[in-house]
Amino acid sequence: MTTTTADYTWPSELAELRDVVAAFRERHAGEAAVRTLAETTTPLDSRTWQIMAEQLGLAGLTVPEELGGAGAGYEFLAVAMEELGKSLLPSPLLATTALAIGTLMRAGDASARERLVPALAAGQITGTLGYTGADGHWDPARKPQVRATRNGDGWRLDGTVHHVLDGASADLVLVVADTDEGSSVFAAEGPLPGLVRSPMATLDGTRSQARLDFHDVPATAVGVLGAAAPTVEAVLTRAAVLLAAEQVGGAQYCLDTAVTYAGTRTQFGRAIGSYQAIKHKCVDMYLEIESARAAVYYAASCLTVNSADAEPAASIAKTLASAAFDRASADSIQIHGGIGFTWEHPAHLYFRRAISTRALFGDPRRHHEVVAASLLDRTTRSDASTSPPESRRVQ
C-alpha cells in the first residue's frame, strides 16, 4: 500500500512510521529537553529511551526477527533518523543501531551476535564502537592506539580511543584494538575497573563524545582476529546513510523555520519572504534537500538488498546531505537576520550539528574518493569486457 503526497509516493508503512516518530519527537524531544540534556551532558533518561526502543521499536528495526528485531529494511531506520534529525535530542539510537548492532551483525561471530544483539535491539542496553585516534578519523592502514594482549583464556586492553559516540554512557563498548594478527574487534561490557570515560568538549554539544582510556581492561574478542578493517568499513558505510538521513531532517527543520519566519517578519511594510533574495535562498535550500533525500533513500534501499552499489550510493548520500545541511543551517541564520549565534535561538545549534556531522563517518573528501574509485573500477571493467581477445590485440 502507498500514500501519495504532492511530492512523492511513500509506502504506507514508512508514512505510518514517520507519523509515529514525529509524534514522539513533538512530545519528548522539544528544544527545552534538548538544551537540558546538552548543557548537563546527562544521558537520555531511561524512560524516554524505553519509549524509543521498546514502544516504537526503533533500536531493533533492522535486526532480524530471530534476534528480537523487526527485520525491516534500512529505509525504515532512515525514516526514523530523518524525523529525529529535526530535533537534536541526544539519544543513544545512532551509536547503538549503526555502530554496536552494525558491528555485531557483520563481525562474523554468531556467539557474540546471539548474546548481545537481542538486548541492544530491545533497548535493555546501549552500545557504541571506538575506532578513531585523536584526529577523529578512521584509517584502516593505521595501527589502533589500543593494544589487546592475551591473558589466559581472555584478553586485556590498554590504550586510548577518541571521539567515541556516547562513550561516556554506553553499556557495551566495542573497540578496535591491535593484536599480533592485526586490527581486531573486542567487546568490553558494563562498568569495568580500568576503563576511564572522559566526556569531550566538541563543537556540537547535543552529540555526546568521549575519550576512553583502557588500563588492563578485560575484554572478549569478537569475530576473526585481524579482520576488523573490512568490518568497520562496512559499518561506516551503513552509518553514513543513517547519518545522512538525520542530516536531511535537520536541514528540513532549518528550511521550515526559515520559511515560517520569512512569512511573518515584515520589513518596509512587506513580509520579507516576498523579496526575491529570500525566495531564491529558500528554493535553493529546498532543491538541495530533496536531492539529498532521494540519494539517502536510494542508498538505504541498496543496503537493504545488499546491492553492489551500496558503498558509492552511501557516499553520494552522505556528500549531498552534508552539503544540504550546511546550506540550510547557514541560510536559515541569514534569513533570521543573522541571529544564529544568539544563544537563546536554536539556529546555532543546528549550524553546529551541520558542521560536526560533515566530518562524522567520513568527510566529503573521503566520500568523493569512494565514488571516484567506484567509477574508475566500472570503467576498467567495462573496457576489459569490450577489449578484443589477447591474440587479436594490436601491438
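Which residues is Thr103 in contact with, leaving aside its neighbours within four places in sequence? The answer makes a good way into this model, which is a predicted one. Thr103 is in contact with Leu129, Leu174, Val185, Thr231 and Val235. The residue itself belongs to helix H5, which covers residues 93-106. Its relative accessibility is 2%, and because buried means under 20%, Thr103 counts as buried.

Let's move on to helix H10, residues 347-359, where Arg353 lies. You might wonder whether this arginine is buried or exposed. Arg353 is buried, with a relative accessible area of 4%. Not counting residues up to four places away in sequence, Arg353 touches Leu88, Asp204, Thr206, Arg207, Glu246 and Phe325. One of these, Thr206, deserves a second look: its side chain makes a polar contact with the side chain of Arg353, at 2.9 Å.

Helix H10 also brings us to the aromatic rings, since Tyr350 lies in helix H10 too. A pair of aromatic rings is described by the distance of the centres and the angle of the planes. The count here comes to three aromatic pairs. Among them is the pair of Tyr131 and Trp138, which is edge-to-face, with 6.2 Å from centre to centre and 65 degrees between the planes. Both Tyr131 and Trp138 are buried.

Tyr253 and Tyr350 form a pair as well, and why is this one called stacked? The ring centres are 4.2 Å apart and the planes stand at 10 degrees; planes under 30 degrees apart count as stacked, so the pair of Tyr253 and Tyr350 is stacked. In sequence the two tyrosines are 97 residues apart, and their pair links distant parts of the chain: Tyr253 sits in helix H7 (residues 228-264) and Tyr350 in helix H10. Their surroundings can be described as well. Tyr253 is partly exposed, with a relative accessible area of 24%, whereas Tyr350 is buried, at 6%.

A ring can also sit under a charge. The charged end of Arg270 is placed over the ring of Tyr275, 4.2 Å from the ring centre.

Our last stop is Pro11, found in strand S2, which spans residues 9-11. Pro11 is partly exposed, with a relative accessible area of 32%. If you would like a distance to check in your viewer, try Pro11 and Glu83: they are 72 residues apart in sequence and 16 Å apart in space, taken C-alpha to C-alpha.

Notes: Residues numbered from 1 in each chain as written. Predicted model: local features only at pLDDT ≥ 70, side-chain atom pairs only at ≥ 80, totals over all residues. Heavy atoms only, no water. Helix = DSSP H or I, 4+ residues; strand = E, 2+ residues; numbered from the N terminus. Buried < 20%, exposed > 50% of the residue type's maximum accessible area, 1.4 Å probe, protein only. Polar contact = N/O pair within 3.5 Å; in protein donor to acceptor, adjacent residues only side chain to side chain. Contact = heavy atoms within 4.5 Å. Phe/Tyr/Trp six-rings, centres within 6.5 Å; stacked < 30°, edge-to-face > 60°. Lys NZ or Arg CZ within 6 Å of the ring centre and 35° of its normal.
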